[in-house]
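Biologist: I would like a close look at the sheet in this model and at whatever packs around it. Please take me through it in one connected account.

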Amino acid sequence: MPTPSNISKSMSANRCKDTKPELIVRKFLWSLGYRYRLNHKRLPGKPDIVLRRYRVCIFVNGCFWHGHSDCKYYQTPKSNQDYWIPKIRRNQERDKAVQQQLAQMGWHCITIWECQLKPKRRQATLAGLAYTLNKIFLDDRKPKPYSIDDSETRMAAEAKEEYTERQAHK
């Protein structure tokens, strides 16, 4: 049975940067030629990976720390539940608020869960990420439809008549 000191030592060894799932995503993006920034301090929530050119923030979340629902890698701890349940709930609420802020600023947010990068699902997840980035890039650069309303057409016709009259009086 784990002792509190063993649990504490184990938890303190967890990193918040350069985790294995994050490195998998970063190596994949780099191999496809995507260039990015890490933990951009000027953006809310300091996203794990920021692709400024595409206005995309990628969050690589650990299933336990962010409370990934219906995931076998997230189980509510049996000890100290008065601490862990509110903590994980706060993490989820913070994640949602950060993504809403980024969306209001015009950023696209992508969340990749740790369980999606396990060997069985990794290729499909990374292919889906590449597809999503390409779609975002193309959608953002799609030509915007231009429409002329009736008032602009009337003004142009009136300007043409004035011009024609001035030319006739010369």
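**The sheet and its surroundings**

Modeller: A good place to begin is a single pair of residues in the middle of the question: Val60 has Ile112, in E4, as its bridge partner. Please keep in mind throughout that this is a predicted model. The two strands concerned, E3 and E4, pair in the parallel sense, and 6 bridges join them. In general, strands of a sheet are held to one another by backbone hydrogen bonds, in either a parallel or an antiparallel arrangement. Here the sheet is an open one of 4 strands, in the order E1-E2-E3-E4, and its pairing is mixed. E1 and E4 are the edge strands, each of them pairing on one side only.

Two helices pack on this sheet. H2 touches E1, E2, E3 and E4, and its direction makes an angle of about 145 degrees with that of E3. H4 touches E2, E3 and E4, and its direction makes about 180 degrees with that of E4.

The side chains of these elements come together in the largest nonpolar core, which has 20 residues. Two or more residues of this core are given by each of helix H2 (20-31), E2, E3, strand E4 (108-113) and helix H4 (122-140). H4 provides the largest share, with 5 residues. Val25, Leu29, Ile58 and Leu129 are the residues with the most contacts inside the core. Val25 shows how the parts meet, since, leaving out residues up to four places away in sequence, it touches Ile49, Val60, Ile112, Leu117, Leu126 and Leu129. Both members of the bridge pair with which I began, Val60 and Ile112, are thus among the contacts of Val25. Another core, of 7 residues, lies apart from the largest one, and among its members are Cys57, Phe59, Val98 and Trp107.

Val98 leads to helix H3, where it is buried together with Trp84, Ile88, Asn91, Asp95 and Leu102. H3 covers residues 81-104, and its 24 residues, at 1.5 Å a residue, should span 34 Å; the end C-alpha atoms are 35 Å apart, which agrees with that expectation. After H3 comes Gly106, with a positive phi near 95 degrees.

Two loops beside the strands also deserve a careful look at the backbone. Asn39 is found in the loop between strand E1 (37-38) and strand E2 (49-51), and its phi is near 45 degrees, which is a positive value in a residue other than glycine. Asn39 has a relative accessible area of 13%, and so counts as buried, the cut-off being under 20%. Its contacts, leaving aside neighbours within four places in sequence, are Lys17, Lys46, Pro47 and Asp48. Arg55, in the loop between E2 and strand E3 (56-61), also has a positive phi, of about 55 degrees, although it is not a glycine. With a relative accessibility of 34%, Arg55 counts as partly exposed.

The charged side chains on the helices complete the picture, with a count of 3 salt bridges in the model. In helix H2, which packs on the sheet, Arg26 forms a salt bridge with Glu22, and their closest N and O atoms are 3.2 Å apart. These two residues lie 4 residues apart in H2, about one turn of the helix, and both Arg26 and Glu22 are buried. In helix H4, Asp139 forms a salt bridge with Lys135, with the closest N and O atoms 3.0 Å apart. Asp139 and Lys135 are separated by about one helical turn because they are 4 residues apart in H4. Asp139 is partly exposed, at a relative accessible area of 34%, and Lys135 is partly exposed as well, at 41%. The remaining salt bridge joins the side chains of Asp95 and Arg94, at 3.9 Å from N to O. Asp95, one of the buried residues of H3, has a relative accessible area of 17%, whereas Arg94 counts as partly exposed at 44% relative accessibility.

Key:
Residues numbered from 1 in each chain as written. Predicted model: local features only at pLDDT ≥ 70, side-chain atom pairs only at ≥ 80, totals over all residues. Heavy atoms only, no water. Buried < 20%, exposed > 50% of the residue type's maximum accessible area, 1.4 Å probe, protein only. Contact = heavy atoms within 4.5 Å. Core = buried A, V, L, I, M, F, W, Y, C linked by side-chain atoms within 4.5 Å. Pairing = 2+ DSSP bridges. Axes fitted to C-alpha atoms, helices over the stretch in contact; angles between N-to-C directions. Expected span 1.5 Å × (residues − 1). Salt bridge = Lys/Arg side-chain N within 4 Å of Asp/Glu carboxyl O.
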